[in-house]
Amino acid sequence: MEKNNETLHILRHSASHIMAQAVQSLFPHAKLAIGPATDSGFYYDFDLDEHTFTQEDLVKIEEKMKEILKQNLSFEKVLVEDVDAKVAEFKSQGEIYKAELLEEHRNDAPTLYLTKDKDGNVLFNDLCAGPHVPNTSYIKGNAIKLLKIAGAYWRGNEKNKMLQRIYATAFWNKEDLENYLHLLEEAEKRDHRKLGTQLDLFSVREEIGGGLVLWHPNLATVREEIENYWRTEHRKRGYVIVNTPQIAKSKLWEISGHIDHYRENMFFIQKENEDDEQYIVKPMNCPFHILIYQSNRHSYRSLPLRMAELGTVYRKEKSGALSGLTRVQGFTQDDAHIFCTPEQLVDEINGVIDFVADTMKIFNMEFEVELSTRPESYVGKLENWELAEAGLKEAMDKRGMQYDINEGDGAFYGPKIDFKVKDALGRTWQCATIQLDFNLPERFDIKYQDKDGQLKTPVMLHRVIFGSMERFHGILIEHFAGAFPTWLAPTQVSVVPISNEKHADFAEKVYKKLRENGIRTYLDDRSESMNYRIRENLQDKKVPYVLVVGDKEQEANSVAIRQRGVGQIGTKSVDEFLDMILEEIKTRKC
RNA sequence: GCCGGCAUAGCUCAACGGUAGAGCAACGGUUUUGUAAACCGUAGGUUGUAGGUUCGAUUCCUAUUGCCGGCUCCA
């Protein structure tokens, strides 16, 4: 068997059997659920009534695994010939999860994998489709690692029992494992929550509530630049920009259907008196945009209408779901709704895909694309769905875009394209999305007058580029490991006079000149050593440039430039440096 | 919401039944520096919150809030 990346998941799956065997030998009452390989390792779910796994258990289990591996066991596949008998056997052993799985797969020629020793004794068996490595010599004791314990519902359904999951990983050799563990460490250092504190970017306070973010000046600066980019690009691409309220009467959300379909995610405003009107904090911007559309008559000539807003919405989340900037309860969507005729749809979708691709390119970000199609229960006409799905596919195919299709995974009101960006820890987050909506135009009964004079219902498209400003900034922080490119950096230049006494005036002059030209500059004339100030600005604050000025610079009206992550890059006149950095900012160099 | 873990100074962590300690940051002073951490000093905490056990609780127990790892959900 070849040892390559394609077969790595086979190794991991086999390792999960060894882990299950180790757990059952240490905890004989452990019932087995499922134990698949994942992208980065494997896990196994167990049901132990009387015991919860501890960190120490993980060490013991790992040791046990190594012991088992030393026995040089082989994996052997056997067909389950008498399913009923085997189900009964599983049940008698208390293996209720395996019994359930086997019954379900009774017509799929179910197989068992036996783990055997040299003499042919079966030490462990597991219901499993395979495949596996031939024997345990492929699994190296020093290339496996148990990572963490987590709760997981049986079959991922919260109505089912909570099982205990052990996450682990395995590689072909020790070096690969060590590289991976190192990668995890590096990823942890990039964690936007860690950098958020370190670089004074944002905070979330218990007094305010979970998932409600305070943007500190540093991150607010980054956001300002992002928003400037966003507005300029929208104007260029023919959008109009609007603003809408934070709250609305419940009546609006009845018409939109949110009260029926989105209730558990909405914040209701407490009424003082029984007779007071019920107001609700907006979880989405679309109803407002539709009302703006409705405030005028529209004809086919005035479409498409592209309406954008940086709209702040609030969505109630389950308490365990919040995390940093990526999962919050209050967030600003860079939202837009495009109202168009069916004929315009493909062009409009194309325009949005262009927008997303161009934007991600600016940040050097990789993304994956998924198309979700019509679910079983849906609203709208079948022909419209087919037109829309074909339009989405056509638009992506034309540009040779790779995408996965999630059949039947669209919303009840329309198909969608999701763009997913990976964070430092390899988790993917949805940022941009394009979503067709056959529901709201009907509910609000919006129309346009077509060439033939008839009033027709326009096609409506929801779309975001960044998704939410909060999440996107979280991803940005990790993407750049906190070292923002110059155009985004909260502080772009620090000026460090060698002697605060001798060079104070000149340093001040350089500082003012840069500031007057719109460069975010900090004059670091603290009574600290020059080395300390250089180090702190470049390494701790991650300022892109430090300008050191002393006698020589003062005399020549120049600055000695040190670039973050690079080192000294020479001396330039103040004007030359200014031109250089202005160009770098203008081109948004990453 | 569920399972498990955690909560000590602005930050990172220590002490774990007997009057809470360090480094960094802050503040004061000395130093005025030629390219990624100068020196000395000062101050800073009802140990997340509320109960309980105890002669005594940061330490043990209960509840609660928040955070972390997941499940579920999702921008």
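Ile247 is partly exposed, with a relative accessible area of 37%. In this predicted model, the residue belongs to strand β11, which covers residues 247-249. Together with Ile269 and Tyr279, Ile247 makes a nonpolar surface patch of about 220 Å². Membership of such a patch requires over 30% relative accessible area, and Ile247, at 37%, meets this requirement.

A patch of another kind is formed by charged residues. Glu272, Glu274, Asp275, Asp276 and Glu277 form a negative surface patch. One of these residues, Glu274, is placed in the loop that runs between α9 (258-261) and β12 (279-281). Glu274 has a relative accessible area of 69% and is therefore classed as exposed, since that class begins over 50%.

These surface features belong to a chain of mixed secondary structure. Chain A contains 18 helices and 26 strands. The C-alpha trace of the chain spans about 85 × 75 × 55 Å along its principal axes. Of the 590 residues in chain A, 49% count as buried.

Strand β7 provides an example of an element in the interior. Strand β7 comprises residues 162-170, and seven of its nine residues are buried, so the strand is largely enclosed by the rest of the structure. Two pairings of β7 may be described. Strand β2, made of residues 42-47, pairs with β7 in the antiparallel sense over five bridges. Within this pairing, Tyr43 stands opposite Tyr167 of β7. Strand β6, made of residues 144-153, also pairs with β7 in the antiparallel sense, here over nine bridges. In this case Ile144 is the residue that stands opposite Ala170 of β7. As a general point, the side chains of a regular strand alternate between the two faces of the sheet.

Charged side chains also take part in pairwise contacts. In general, side chains of opposite charge can pair when their charged atoms come close. The structure holds 40 salt bridges. One of them is formed by Lys66 and Glu62, whose closest N and O atoms are 3.3 Å apart. Both residues lie in helix α2, four residues apart, a separation of about one turn of the helix. The two partners fall into separate accessibility classes: Lys66 is partly exposed, with a relative accessible area of 30%, whereas Glu62 is buried, with a relative accessible area of 11%. Glu62 is assigned to the buried class because its value lies under 20%.

A corresponding arrangement occurs in helix α15, which covers residues 504-516 and contains both Lys512 and Glu508, four residues apart, or about one turn of the helix. The side chains of Lys512 and Glu508 meet in a salt bridge with an N to O distance of 3.6 Å. Lys512 counts as partly exposed at 44% relative accessibility, and Glu508 counts as partly exposed at 32%.

Another salt bridge joins the side chains of Arg155 and Glu100, at 3.6 Å from N to O. This pair links distant parts of the chain, as Arg155 lies in the loop between β6 and β7 and Glu100 lies in helix α4, 55 residues apart. Arg155 is partly exposed at 40% relative accessibility, and Glu100 is partly exposed with a relative accessible area of 34%. Salt bridges may also be joined into a network, as is the case for Asp84, Lys91, Glu103 and Arg106.

Several features of the backbone were found in loops. Asn72 has a phi near 55°, a positive value in a residue other than glycine. Asn72 is placed in the loop between α2 (55-70) and β3 (74-79). At 44% relative accessibility, Asn72 counts as partly exposed. Ala109, which is not a glycine either, has a positive phi of about 50°. The position of Ala109 is in the loop between α4 (96-104) and β4 (111-116). A further backbone feature is the cis peptide bond that joins Leu303 and Pro304, with omega at about 0°. Pro304 is found in the loop between α10 (286-294) and β13 (305-314).

Technical notes. Residues numbered from 1 in each chain as written. Chains lettered and ligands numbered in written order. Predicted model: local features only at pLDDT ≥ 70, side-chain atom pairs only at ≥ 80, totals over all residues. Heavy atoms only, no water. Patch = residues over 30% accessible without salt bridge, like charges linked within 9 Å, V, L, I, M, F, W, Y side chains within 5 Å. Areas by Shrake-Rupley, 256 points an atom, 1.4 Å probe, with all protein chains shown as cover. Salt bridge = Lys/Arg side-chain N within 4 Å of Asp/Glu carboxyl O. Buried < 20%, exposed > 50% of the residue type's maximum accessible area, 1.4 Å probe, protein only. Lys, Arg positive; Asp, Glu negative; His and termini not counted. Charge placed at Lys NZ, Arg CZ, Asp CG, Glu CD. Pairing = 2+ DSSP bridges.
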